[in-house]
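Dear colleague,

Please find below the structure that I am handing over to you, together with its sequence. My findings follow after it, arranged by region.

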Amino acid sequence: MNPRATTTRIDATVDSFRQRLVDNLLHTHGQAIQSATLHDAYMTVCYTVRDYLVQRWRETNEAYFNSNPKFVYYLSAEYLMGKQLPQNMLYSRTTELAQQACVEYDVNLESLIALDREPGLGNGGLGRLAACFLDSLATLDIPAVGYGIRYEFGIFEQSFRDGWQVEKPDEWLLYGNPWEFPQPDDMVEIGFGGRTQRRIDQDGRWHMHWEPDHKVLGEPYTMLVPGYGTRTVNILRLWRARASQEFDFQLFNNGDYARAVEQKIRSENITKVLYPNDSTEEGKRLRLKQQFFFVACSLKDIIRRYRLMNESWDDFPNKVAIQLNDTHPVIAIPELMRVLMDEHAMGWEQAWKITRQTFAYTCHTLLPEALEKWSLSLFADLLPRHLEIIYEINRLFLDRVRARFPGDQSKIERMSIIEERPQRRVRMAHLASVGSHTINGVAELQSRLLRDRTLADFAELWPEKFQNKTNGVTPRRFMQMANPELSSLITSKLGDGWLRDLAQLQRLEAFVDDPDFCSRWREAKQTSKRRLADLLRESTAVEVDPNSMFDCLVKRLHEYKRQLLKILHIITLYLRIKENADVELHPRTFLFGAKAAPGYQMAKLIIKLINQVAKVVNQDPDVRGRLKVVFPPNFNVTLAEDIYPAADVSEQISLAGKEASGTGNMKFALNGAITIGTLDGANVEIRERVGDENFYLFGLTTEQVFELKRSGYYPRDICRANPELNAVIDSIASGRFADGNPRCFQAIVDSLLNHDEYLLLVDYAAYVECSERVAEAYLDRERWTRMSILNVARCGFFSSDRSMQQYCQDIWQASPLSAD
């Protein structure tokens with residue numbers, strides 16, 4: 001029987017949508033209409049919109065099953081998907097249907113969207129990039145599945161108490177998640193610990209066998225990932241850990257209630273929290289268990305899917321492309337080797353050939369501390385069989401290195417997967433480099449530094465492995481959804497094809513001198529600024545002037561990103577006002593958004609300083625509204641969607657050579673903000689495309705940073721030579737922004753004057769001067785509007801659709817397959 005002949009597509013009418021609402025309220029949600037609450041209405045609308053996606057999902061699965069295409073499997077420890085209701089309505093073309101149906105039931109659709117909890121399954125750019133990539137893969141009709149962890153409590157919910165960051169659990173699952181399908185039938189068993197031994201199989205062949213001493217179950221939850229303007233719906237599978245034996249009845253009967261559920265608690269801790277603090281040995285242990293759990297579950301699922309339609313293992317790399325998103329999933333390499341050899345009786349050479357042809361590795365960092373390393377003792381305790389495999393991979397690899405570079409013992413030590421000093425550890429980036437067919441960076445500068453410095457020895461051995469794939473963002477969420485006024489204006493001139501082909505934005509240059517278009521462009525920006533001002537009033541009780549220049553710095557809090565440099569600039573302006581109350585300053589609103597990792601004390605102290613400076617500046621009558629500093633808590637995708645469209649200035653001020661790429665810089669530029677930044681990450685490529693005259697550059701280059709570090713640097717000398725900078729540092733040290741407590745920020749002062757690892761003091765004067773040029777340019781309305789339009793028009797390159805097309809062509813050799 002042809003299944004297509006037995007089903008019909010859902011009617012896209014208000015009557016049909018309304019009837020599905022009624023049916024879902026009762027039959028899916030289990031609530032009567034007479035007693036339904038607003039949350040019941042929210043869940044019902046979600047289920048109804050989901051119905052439209054499920055229809056397309058079925059069609060997609062049929063197309064995939066009938067064609068047996070090559071699949072892309074994206075392994076990532078993080079996904080920041082954002083709110084699902086508004087996106088799924090847009091992608092299923094049900095927004096208008098939902099609005100009309102809600103009106104009839106006297107329900108405001110916006111109030112339902114406000115109830116939509118975004119899954120906090122990531123820490124920053126890595127997770128949002130993964131979400132953009134899944135969106136683009138579906139939009140491009142690429143057969144793909146994302147795999148990750150269903151954290152019960154994702155990235156923490158941030159609040160401020162007395163200026164300090166306070167972390168609370170992100171209870172995004174408290175009232176259920178209407179966008180997921182639990183699928184216990186696909187549950188898998190994962191082992192930890194134990195021992196290995198040699199066994200003889202039924203054919204008389206020796207092979208290794210792993211006997212774990214502890215097992216947990218992995219239960220998949222499937223979320224739908226629809227494409228835009230296509231029938232394709234792919235999936236994201238998130239794994240939840242469950243105990244293989246959840247309850248000890250004997251212990252319970254004996255009154256030992258805590259121990260009766262001990263195994264359940266220990267097992268479920270694996271997926272309890274995103275990135276447990278690894279400053280303790282138990283924290284490190286839990287992190288490694290998290291990583292292995294999700295990749296082992298995912299590989300079992302990938303192999304199951306492959307074996308549904310294929311018999312020969314030889315075709316595995318032709319049907320399966322696995323992308324390792326940074327080092328977190330790299331343990332997948334020895335795990336696939338183990339499965340192929342120990343469970344499917346494959347020889348080493350065949351298993352290694354399949355493994356190397358299957359995996360590709362994306363390196364997202366240049367920071368040595370971010371390239372994960374795990375102690376051998378921890379590995380031996382948790383994953384003894386995998387450590388044996390890693391030893392053998394390393395032995396064969398080093399034999400190759402010795403043959404290529406005879407007598408070079410220092411190169412052997414540098415390249416070994418096993419680090420010998422100061423302690424014996426597994427270098428996961430090295431394992432990824434050896435076990436993958438392709439290694440890519442995520443911006444031209446970072447990819448060059450990766451080849452020339454971070455992984456230089458591997459690039460010398462395998463230059464053909466290294467590629468650059470500059471990151472991108474989805475214009476559907478970060479333009480169409482986040483900035484409807486600007487998107488509508490663009491569509492009025494270009495049609496709506498630009499949402500699937502962002503290069504079409506180039507055509508906006510034809511309107512850069514059109515007075516009417518420029519006026520409408522400014523009004524779209526002002527609408528976004530007024531909307532953000534209202535939101536800030538509600539969330540922070542700070543009144544900001546929508547006519548002021550919105551100067552925004554929003555990203556994960558890390559010292560190399562140099563939020564502290566921005567605060568030094570703000571204090572500089574404040575001290576100028578205190579010295580001369582009549583100094584001319586066009587009103588500026590400085591907006592921060594950032595979370596600090598719970599164990600990162602310096603980052604948390606910087607947050608405290610930002611909030612204290614905001615308190616002093618905002619309450620000082622001498623300022624007279626010329627400066628406002630606002631730090632709304634709990635920066636996430638939802639808040640970002642309000643900030644990007646409203647920003648006038650995009651702060652991208654990390655130390656050159658530290659940022660891998662950044663994607664916030666792209667989102668700001670695509671919403672018409674002007675960048676002030678260093679030659680770091682993707683800033684380099686943004687500046688090349690928008691033009692030097694439309695980008696405000698300052699600071700040392702990467703080469704200058706390296707040279708200064710080599711020659712020696714004395715930050716106190718810089719401070720003494722600049723009276724204004726010296727006054728800024730003194731104001732912090734004196735307790736001026738700490739209610740008179742000089743010790744509060746002493747750690748920051750000591751760090752700057754004694755180390756200044758990220759060269760804030762070196763770049764300070766150039767940054768202050770460049771910021772003044774930005775403020776002056778803002779006063780020229782026509783010039784600023786022109787720069788804003790050209791930033792948008794020339795940034796079409798930074799689409800995640802383009803990124804994914806390049807991955808498909810150059811790394812995965814994956815082709816589109818439409819469900820239409």
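The model is a predicted one. Across the protein chain the pLDDT averages 94, and 97% of the residues score at least 70. Residues 1–6 should be read with this in mind: pLDDT stays under 50 there, and the model has six contacts beyond four places in sequence for this stretch.

**Helices at the start of the chain**

Helix H1 covers residues 14–28 and packs against helix H4, residues 95–104, at an angle of about 65 degrees. The axes of H1 and H4 are 9 Å apart, and H1 passes H4 in a right-handed crossing. On the H1 side the contact is made by Val14, Phe17, Arg18 and Leu21, and on the H4 side by Leu97, Ala98, Gln100, Ala101 and Glu104. By class, the residues of this contact of H1 with H4 are six nonpolar, one polar and two charged.

H1 also meets helix H2, which spans residues 38–67. The axes of H1 and H2 come within 9 Å and cross at roughly 120 degrees; this crossing, too, is right-handed. H1 contributes Ser16, Phe17, Arg20, Leu21, Asn24, Leu25 and Thr28 to the contact, while H2 contributes Asp40, Thr44, Val45, Tyr47, Thr48, Val49, Asp51 and Tyr52. The contact of H1 with H2 divides into seven nonpolar, five polar and three charged residues. Phe17 and Leu21 of H1 appear in the contact with H4 and also in the contact with H2.

**The hairpin of S5 and S6, and the loop after it**

Strand S5, residues 157–161, is joined to S6 by five bridges, and the two run antiparallel. Arg161 has Trp164 in S6 as its bridge partner. S5 and S6 form a hairpin with two residues between them, and Asp162 in the turn has a positive phi of about 55 degrees.

The loop between strand S6 (164–168) and S7 holds Leu174. Is Leu174 buried or exposed? Its relative accessibility is 53%, so Leu174 counts as exposed, the cut-off for that class being over 50%. Leu174 and Glu152 lie 22 residues apart in sequence, and their C-alpha atoms are 9.2 Å apart in space.

**Strand S11 and its partners**

Strand S11 runs over residues 214–226, and 11 of its 13 residues are buried, so the strand is largely enclosed by the rest of the structure. Buried here means under 20% relative accessible area.

S11 pairs with strands S7, S8 and S12, as follows:

- Strand S7 (residues 180–182) is joined to S11 by three bridges and runs antiparallel to it. Glu180 stands opposite Met223 in S11.
- Strand S8 (residues 188–192) is joined to S11 by five bridges, again antiparallel. Here Glu189 stands opposite Leu217.
- Strand S12 (residues 233–243) is joined to S11 by 11 bridges, also antiparallel. Thr222 has Arg237 in S12 as its bridge partner.

S11 and S12 form a hairpin with six residues between the strands, in which Gly229 takes a positive phi near 70 degrees.

**A sheet of three strands**

An open sheet of three strands, with antiparallel pairing, has the order S15-S17-S16. Strands S15 (373–375) and S16 (418–419) stand at its edges; each has a single partner strand, so one side of each is left without a neighbour in the sheet. S16 and strand S17 (residues 425–427) are joined by two bridges and run antiparallel. Glu419 has Arg425 in S17 as its bridge partner.

**A sheet of six strands**

Further along the chain is an open sheet of six strands with parallel pairing, in the order S22-S21-S20-S23-S24-S25. Its edge strands are S22 (627–630) and S25 (696–697), each of which pairs on one side only. Within the sheet, strand S23 (residues 649–652) and strand S24 (residues 674–677) pair in the parallel sense over four bridges. The bridge partner of Gln652 in S24 is Gly677.

Which helix lies across S23, S24 and S25? Helix H33, residues 781–793, takes this position and runs at about 85 degrees to S24.

With kind regards

Terms used. Residues are numbered from 1 along each chain as its sequence is written. This is a predicted model: local features need pLDDT of at least 70, side-chain atom pairs count only at pLDDT 80 or more; totals for chains, interfaces and linings use all residues. Side-chain values use heavy atoms; hydrogens and water are left out. Axes are lines fitted to C-alpha atoms, for helices over the stretch in contact, and angles run from 0 to 180 degrees between N-to-C directions. A crossing is left-handed if the near helix is turned anticlockwise from the far one by less than a right angle, and right-handed if clockwise. Contact means heavy atoms within 4.5 Å. Ala, Val, Leu, Ile, Met, Phe, Trp, Tyr, Cys and Pro count as nonpolar, Asp, Glu, Lys and Arg as charged, and the others, Gly among them, as polar. pLDDT is the predictor's confidence in each residue, from 0 to 100. Buried means under 20% relative accessible area, exposed over 50%, partly exposed in between (1.4 Å probe, protein chains only). Two strands pair if DSSP finds at least two bridges between them.
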